[in-house]
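Please open the model in your viewer and keep the sequence panel at hand. We will go from stop to stop, selecting a few residues each time.

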Amino acid sequence: MKVLAVSGSLRSESYNTKLLRAAAELLPDGVELELWQGLKAVPPYDEEDDVEPAPAPVAALRAAIAGADAVLFATPEYNSSVPGQLKNAIDWVSRPLARNPLRNKPVAVVGASTGAFGAVWAQAELRKILGATGARIVDGEVAVGHAPTRFEGDRLVDEGLREQLAEVVATLVAEVAPVKSGDVASTVAA
Ligand SMILES: Cc1cc2nc3c(=O)[nH]c(=O)nc-3n(C[C@H](O)[C@H](O)[C@H](O)COP(=O)(O)O)c2cc1C
């Protein structure tokens, strides 16, 4: 089973990207996490450019989501919402709405900020945006506030937050499992 991890931050030292790397350490057996690193290359959405073939970075993102069993997003908070680059990428993926690769895809949202609240508003906004695409949003939240105090180097060292993150990842994976076993059952039956 493959989980695609999408960070809403472009910074090399991003706490949100580090949070996704921490999630990779907490996966159940048999699950791999791929960190998507193409966000900066996604052009600004222009409906006139939204034709086949799609711009290469957009096609790559759509294919990465389509090829993953689930997607884990980590978002910073920019002015009480999601960073524009993340919203822009999701806008690209969301079209055409009826058959966009996020439709029915299990997704989870976590977040980190340097402030006290751990990007909770941005997480709520991202869930709303993902809901508009038809993604299947799983319950659970990880709000990493005061992020510089929660990491040592690249490692998330707050044990409570690690447990919360492991729980969200487990919930996300469990959301995939019934669909996968259903697929197997129908293949066997056919
Ligand atoms: C343009 C901008 C706006 C921000 N707005 C908020 C905000 O509304 N709330 C908040 O808690 N932090 C805000 N921050 C601080 C970010 O949460 C902080 O920079 C965080 O570390 C960014 O995530 P990253 O480490 O993954 O890059 C803002 C930062 C930037 C650059």
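**Stop 1: the cavity**

Start inside, where about 50 Å³ of space lies in the largest cavity. Here a cavity is a set of points, on a 1 Å grid over the protein atoms alone, where a 1.4 Å probe fits but cannot get out. Grid points are joined across faces, edges and corners, and a volume is the space filled by probe spheres set on the points. A search of the whole structure finds one cavity of 30 Å³ or more.

To see the walls, select Val6, Leu61, Ile65, Phe73, Leu86, Ala89, Ile90, Val93 and Leu102; a lining residue has an atom within 4 Å of a point. Helix 2 and helix 3 are the elements that give two or more residues to this lining, and the largest share, four residues, comes from helix 3. Helices (H or I, at least four residues) and strands (E, at least two) are DSSP runs, numbered from the N terminus.

Which classes of residue line the largest cavity? The lining has nine nonpolar, no polar and no charged residues. In this scheme Ala, Val, Leu, Ile, Met, Phe, Trp, Tyr, Cys and Pro count as nonpolar, Asp, Glu, Lys and Arg as charged, and the others, Gly among them, as polar.

A word on ground rules before moving on. This is a predicted model, in which local features need pLDDT of at least 70 and side-chain atom pairs count only at pLDDT 80 or more, while totals for chains, interfaces and linings use all residues. Residues are numbered from 1 along each chain as its sequence is written, and side-chain values use heavy atoms, with hydrogens and water left out.

**Stop 2: Ala108**

Now select Ala108, which lies in strand 4. At 0% relative accessibility, Ala108 counts as buried; buried means under 20% relative accessible area, exposed over 50%, and partly exposed in between (1.4 Å probe, protein chains only). Show its surroundings next: leaving aside neighbours within four places in sequence, Ala108 is in contact with Val71, Leu72, Phe73, Val138, Val168 and Leu172. Contact means heavy atoms within 4.5 Å. Then draw a C-alpha to C-alpha distance to Ala5: the two residues are 103 apart in sequence and 9.7 Å apart in space.

**Stop 3: helix 4**

Select residues 120-133 for helix 4, which has 14 residues and reaches 20 Å from its first C-alpha to its last, close to the 20 Å expected at 1.5 Å a residue. The expected span is 1.5 Å times one less than the number of residues.

Which residues of helix 4 are buried? Colour Ala122, Gln123, Leu126, Arg127, Ile129, Leu130 and Thr133. They cover an arc of only 165° around the axis, so they sit on the same side of helix 4; the arc is that of the directions from the helix axis to the C-beta atoms. The face turned away from this buried side carries the exposed residues Trp121, Lys128 and Ala132.

What covers the buried residues includes strand 3 (70-75), helix 3 (84-93), strand 4 (106-112), strand 5 (136-137) and strand 6 (143-144). Step just past the helix to Gly134, whose phi is positive, near 95°.

**Stop 4: the pockets**

A pocket is an open set of grid points with protein on both sides within 12 Å along at least five of seven lines. The largest pocket holds about 200 Å³ of space. Of its 13 lining residues, Ser9, Leu10, Thr17, Trp36 and Gln37 lie nearest the centre. Helix 1 (15-25) and strand 2 (32-36) each supply at least two residues of this lining, which has four nonpolar, six polar and three charged residues.

For the second largest pocket, with about 160 Å³ of space, select Asp50, Val51, Glu52, Arg62, Arg95, Pro96, Arg99 and Pro101. This lining has three nonpolar, no polar and five charged residues.

**Stop 5: backbone details**

Stay with Pro96, in the loop between helix 3 and strand 4: the peptide bond from Arg95 to Pro96 is cis, with omega near -10°. The bond from Glu52 to Pro53 is cis too, with omega near -5°, and Pro53 is placed in the loop between strand 2 and helix 2 (56-67).

Finish with Ser80, in the loop between strand 3 and helix 3. Its phi is near 70°, a positive value in a residue other than glycine, and at 37% relative accessibility Ser80 counts as partly exposed.
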